[in-house]
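Here is a briefing on one protein chain. Keep the sequence and the 3D view open as you read.

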Amino acid sequence: MSAAARREEVAVRVPWSVSRRPDYLSDALALLAGWTRQGREIQRALPLDDSQHAALTERITVLADVLQVRPHVHRHDGCTLIRLLSPDDALNAVTVAMAARIENAYKVVTETPER
């Protein structure tokens, strides 16, 4: 097979297109139970006590520094409310990644230790 034929074959195999990115991110967000989207913001309410809230907030702070995201986290009626804003009108990969990492941190904070 000639080099030109190989280049054409590779070009045909590329399954990714930029126009599919928003659908891909929306699908990824849909896999994160409890997260809702309103415009450029995604949010989640988590039932946590004060000590769990403190532990989760500490973990979120570390994650936010790594991903360079500024989540809004506060308490209201026994729940921890988290809001993540995308810098533009579109959902972006960093925002969805942050939500996924918050979900993992939430599971760690709320799991009961084995005795």
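A polar contact of 3.3 Å links the side chains of threonine 95 and serine 86. The model is predicted, and the distances and angles below are computed from it. The points that follow start at this contact, then move to the strands, the core, one arginine and two loop residues.

**Threonine 95**

- Threonine 95 sits in helix 4.
- Threonine 95 counts as buried because its relative accessibility is 4%, and the cut-off for buried is under 20%.
- Leaving out residues up to four places away in sequence, threonine 95 touches Ile42, Leu84, Leu85 and Ser86.
- Serine 86 thus appears twice: as a residue that threonine 95 touches and as its partner in the side-chain polar contact.

**Strand pairing**

- Strand 1 (residues 36-38) runs antiparallel to strand 2, and three bridges join them.
- Threonine 36 faces glutamine 43 of strand 2 across this pairing.
- Strands 1 and 2 make a hairpin with two residues between them. In the turn, glycine 39 has a positive phi of about 65°.
- Strand 2 also pairs with strand 4, in the antiparallel sense, over seven bridges.
- Proline 47 has cysteine 79 of strand 4 as its bridge partner.
- Strand 3 (residues 72-76) pairs with strand 4 over five bridges, again in the antiparallel sense.
- Arginine 75 is bridged to threonine 80 in strand 4.
- Strands 3 and 4 form a hairpin too, with two residues between them.

**Two faces of strand 4**

- In a regular strand, side chains alternate between the two faces of the sheet.
- Strand 4 shows this alternation. Thr80, Ile82 and Leu84 point to one face and are buried.
- Cys79, Leu81, Arg83 and Leu85 point to the other face and are not buried.

**Nonpolar core**

- In soluble globular proteins, nonpolar side chains tend to be buried together.
- The largest nonpolar core here holds 22 residues. Trp35, Ile42, Leu56, Ile82, Leu84, Met98 and Ile102 have the most contacts inside it.
- Two or more core residues come from each of helix 2 (21-30), strand 2 (41-47), helix 3 (50-67), strand 4 (79-85) and helix 4 (93-110).
- Helix 4 is the top contributor to this core, with seven residues.
- What does methionine 98 touch, not counting residues up to four places away in sequence? The set is Ile60, Leu63, Ala64, Leu67, Val69, Pro71 and Leu84.
- The count of aromatic pairs comes to zero.

**Arginine 44**

- Is arginine 44 buried or exposed? Arginine 44, which lies in strand 2, counts as buried because its relative accessibility is 16%, and the cut-off is under 20%.
- The side chain of arginine 44 makes a polar contact of 2.7 Å with the side chain of glutamate 103.
- A polar atom of the arginine 44 side chain also lies 3.3 Å from the backbone oxygen of alanine 33.
- Arginine 44 lies over the face of tyrosine 106, at 5.7 Å from the ring centre.
- Setting aside neighbours within four places in sequence, arginine 44 is in contact with Ala33, Gly34, Trp35, Thr80, Leu81, Ile82, Glu103 and Tyr106.
- Among these contacts, Trp35 and Ile82 are also listed with the most contacts inside the core.

**Positive phi outside glycine**

- Glutamine 68 is not a glycine, yet its phi is positive, at about 55°.
- Glutamine 68 lies in the loop between helix 3 and strand 3.
- Glutamine 68 counts as exposed because its relative accessibility is 69%, and the cut-off for exposed is over 50%.
- Aspartate 77 is another residue other than glycine with a positive phi, near 50°.
- Aspartate 77 is in the loop between strand 3 and strand 4, in the turn of their hairpin.
- Aspartate 77 is exposed, with a relative accessible area of 70%.

Notes. Residues numbered from 1 in each chain as written. Predicted model: local features only at pLDDT ≥ 70, side-chain atom pairs only at ≥ 80, totals over all residues. Heavy atoms only, no water. Core = buried A, V, L, I, M, F, W, Y, C linked by side-chain atoms within 4.5 Å. Buried < 20%, exposed > 50% of the residue type's maximum accessible area, 1.4 Å probe, protein only. Helix = DSSP H or I, 4+ residues; strand = E, 2+ residues; numbered from the N terminus. Contact = heavy atoms within 4.5 Å. Phe/Tyr/Trp six-rings, centres within 6.5 Å; stacked < 30°, edge-to-face > 60°. Lys NZ or Arg CZ within 6 Å of the ring centre and 35° of its normal. Pairing = 2+ DSSP bridges. Polar contact = N/O pair within 3.5 Å; in protein donor to acceptor, adjacent residues only side chain to side chain.
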